[in-house]
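Work through the exercises below with the sequence and the model side by side. Try each task before reading its solution.

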Amino acid sequence: MSPTIYRHAVSHPRIPKDDMRRAGEALQAEKSECSEKARLLAKYKIAALDYGRVVSVLSERAGVMSEEEYVRIRDYIEVAHVITDRARTMLDRHVAEHGC
Ligand SMILES: [Zn+2]
């Protein structure tokens with residue numbers, strides 16, 4: 001965990017739109033038969049990475065962070081979990097309906 005990532009996770013408790021856009025572009029660049037699936041997959045990947053990142057921040061810093069920091073990160077983990085779940089559900093639903 002680099003200090004940059006740590007600061008980022010703490011001071012900006014949202015999935016960065018720039019990361020989302022870049023990941024989307026990267027996936028669009030790959031050959032995909034379904035652009036909607038690629039879009040949903042990109043969203044899911046970003047959400048899952050973000051979730052994993054903030055969970056590791058909490059586990060690495062649990063003993064040394066302030067209570068305020070801890071509560072903030074814990075709340076963000078809950079949000080990140082919901083976003084990740086939702087992204088996966090949307091991806092699964094699309095694949096099931098579209099058969100792609
Ligand atoms: Zn599709």
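**Exercise 1: Three helix positions**

Asp 85 lies in helix H4. Helices (H or I, at least four residues) and strands (E, at least two) are DSSP runs, numbered from the N terminus. This is a predicted model: local features need pLDDT of at least 70, side-chain atom pairs count only at pLDDT 80 or more, and totals for chains, interfaces and linings use all residues. Residues are numbered from 1 along each chain as its sequence is written.

Task: Decide which burial class Asp 85 falls in. Then do likewise for Arg 53 and Val 55.

Solution.
- Step 1. Set the cut-offs. A residue is buried if 20 or more other C-beta atoms lie within 10 Å of its own, exposed if 12 or fewer, and partly exposed in between; C-beta atoms are placed from the backbone.
- Step 2. Asp 85 has 14 C-beta neighbours inside 10 Å, so Asp 85 is partly exposed.
- Step 3. Arg 53 sits in helix H3. Its count is 15 C-beta neighbours inside 10 Å, so Arg 53 is partly exposed.
- Step 4. Val 55 is also placed in helix H3. With 16 other C-beta atoms within 10 Å, Val 55 is partly exposed.

**Exercise 2: Across the sequence**

Task: Find the C-alpha separation of Asp 85 and Ala 47, of Arg 53 and Ile 77, and of Val 55 and Ala 80.

Solution.
- Step 1. Asp 85 and Ala 47 are 38 residues apart in sequence, and their C-alpha atoms are 8.7 Å apart.
- Step 2. For Arg 53 and Ile 77, 24 residues apart, the C-alpha distance is 9.4 Å.
- Step 3. Val 55 and Ala 80 are 25 residues apart along the chain, with 9.5 Å between C-alpha atoms.

**Exercise 3: The H3 and H4 pair**

Task: At what angle do the axes of H3 and H4 cross, and which hand does the crossing have?

Solution.
- Step 1. Axes are lines fitted to C-alpha atoms, for helices over the stretch in contact, and angles run from 0 to 180 degrees between N-to-C directions.
- Step 2. The axes of H3 (residues 35–61) and H4 (residues 67–98) come within 8 Å and cross at roughly 155°.
- Step 3. H3 and H4 are therefore roughly antiparallel (angles over 145 degrees; under 35 is roughly parallel, 65 to 115 roughly perpendicular, the rest oblique).
- Step 4. The crossing of H3 and H4 is left-handed: the near helix is turned anticlockwise from the far one by less than a right angle.

**Exercise 4: The largest nonpolar core**

Task: Which core members touch the most others, and which element gives the most residues?

Solution.
- Step 1. A nonpolar core is a set of buried Ala, Val, Leu, Ile, Met, Phe, Trp, Tyr and Cys residues joined through C-beta atoms within 7 Å.
- Step 2. The largest core has 13 residues; Tyr 44, Ala 47, Val 54 and Ala 80 touch the most other members.
- Step 3. H3 and H4 are the elements that give two or more residues to this core. H3 gives the most, with 9 residues.
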